[in-house]
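Biologist: Hello! Could we walk through this structure together, one question at a time?

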Amino acid sequence: MNRIFISHMTHHASHIMLLGLMVLVLWHPAAFAQGNDDKQATFFMGRVRYSANDGNDCSGVGQDLMKLVSRASTLKIQEERKVKLTDPDLYETPFLFMNGHNDFVFTEAELENLRIYFSHGGFFFASGCCTNPNFPKAWRREFNRLFTNEKVKRIPYDHLIYRSFYNIDRVRCLNEPRDIQLEGLFYQGNLVAVMCEDGLCCAFSANGTCNEGKGISPDDGQKLTLNIAVYALTH
């Protein structure tokens, strides 16, 4: 992926807005070209349609994710695109978002397209709906099929993704005595896919009613999600 960083400013205080961030994300320059009068960068997000899932599980979380990024930055939010992993539009969408409740299996064609996608710099963010365990189990299994020598693993708290916007030292689960850590897949040393099993987006979407009292708190959910988006745009 070609990424042009016009300016980049990060803040580590809990309520400081990322006012200085103006990041222009380009996959194919012709596809994402902007006019000279467009003073804001553009954030492109694809909502993944996969297996039998049409991208409508907890359907509002994708829009809420884009609103969250928009409020905290100068990024212009492009309308959410629904894409299949076999669509040509996949390669014109640098940031993919996937969520769901249920088990799923990728086809060989979907796996091959993801390999190409990651080799060209794409980023993939997944959030299980309502802390249902079936989706994260399937996500780990399927993403483990992508690369022979790369497996999904927990991302330690010293990784930059926990510092890309908010300074996050630790996240505690609301209903179990454990820490919540993101999980990720690396490709050639680069973090290319991130998943949270604890209803990360559900925590702050729909006023928390989808995931109330479970997994991660709405405040921590917003912070982690924004960190993931900023990390994807700046790495």
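Biologist: Before we get into details, what is the mean pLDDT of the protein?

Modeller: Good place to begin, since this is a predicted model. Of its residues, 69% reach a pLDDT of 70 or more. The mean pLDDT of the protein is 76.

Biologist: Which stretch has a pLDDT below 50?

Modeller: Where pLDDT is low, predicted coordinates should not be read in detail. The stretch in question still has 99 contacts in the model beyond near neighbours in sequence. The pLDDT is below 50 over residues 1–40.

Biologist: Thanks! Now the sheet: which strands are at its edges?

Modeller: The sheet is open, has 7 strands with mixed pairing, and follows the order S6-S4-S7-S8-S11-S10-S9. An edge strand pairs on one side only. That description fits strand S6 (81–84) and strand S9 (153–154).

Biologist: How many bridges join S7 to S8?

Modeller: S7 covers residues 95–100, and S8 covers residues 123–128. Among the facing residues, Asn 99 stands opposite Ser 127 in S8, and Met 98 stands opposite Ala 126. The two strands run parallel, and the number of bridges joining them is 6.

Biologist: Through which helix does the chain cross from S7 to S8?

Modeller: This β-α-β crossover is right-handed. The helix lies across S7, S8, S10 and S11, running at about 125° to S8. Its residues are 108–119, and its name is H2.

Biologist: On the other side of S7, which residue is the bridge partner of Arg 47?

Modeller: Strand S4 (residues 45–49) pairs with S7 in the parallel sense over 3 bridges. In S7, the partner of Arg 47 is Phe 97.

Biologist: How many of the residues of S7 are buried?

Modeller: In a regular strand the side chains alternate between the two faces of the sheet. On one side of S7 we find Phe 95, Phe 97 and Asn 99, on the other Leu 96, Met 98 and Gly 100, and all are buried. That makes the count for S7 6 of 6.

Biologist: Last one: does Tyr 187 count as buried or exposed?

Modeller: Tyr 187 lies in strand S10. Leaving aside neighbours within four places in sequence, Tyr 187 is in contact with Phe 118, Ser 119, Phe 147, Glu 150 and Val 192. The C-alpha atoms of Tyr 187 and Glu 150 are separated by 6.9 Å, although the two are 37 residues apart along the chain. Because its relative accessibility is 18%, under the 20% cut-off, Tyr 187 counts as buried.

Technical notes
Residues numbered from 1 in each chain as written. Predicted model: local features only at pLDDT ≥ 70, side-chain atom pairs only at ≥ 80, totals over all residues. Heavy atoms only, no water. Buried < 20%, exposed > 50% of the residue type's maximum accessible area, 1.4 Å probe, protein only. Helix = DSSP H or I, 4+ residues; strand = E, 2+ residues; numbered from the N terminus. Pairing = 2+ DSSP bridges. Right-handed = clockwise from strand over helix to strand, strands pointing away. pLDDT = per-residue confidence, 0-100. Contact = heavy atoms within 4.5 Å. Axes fitted to C-alpha atoms, helices over the stretch in contact; angles between N-to-C directions.
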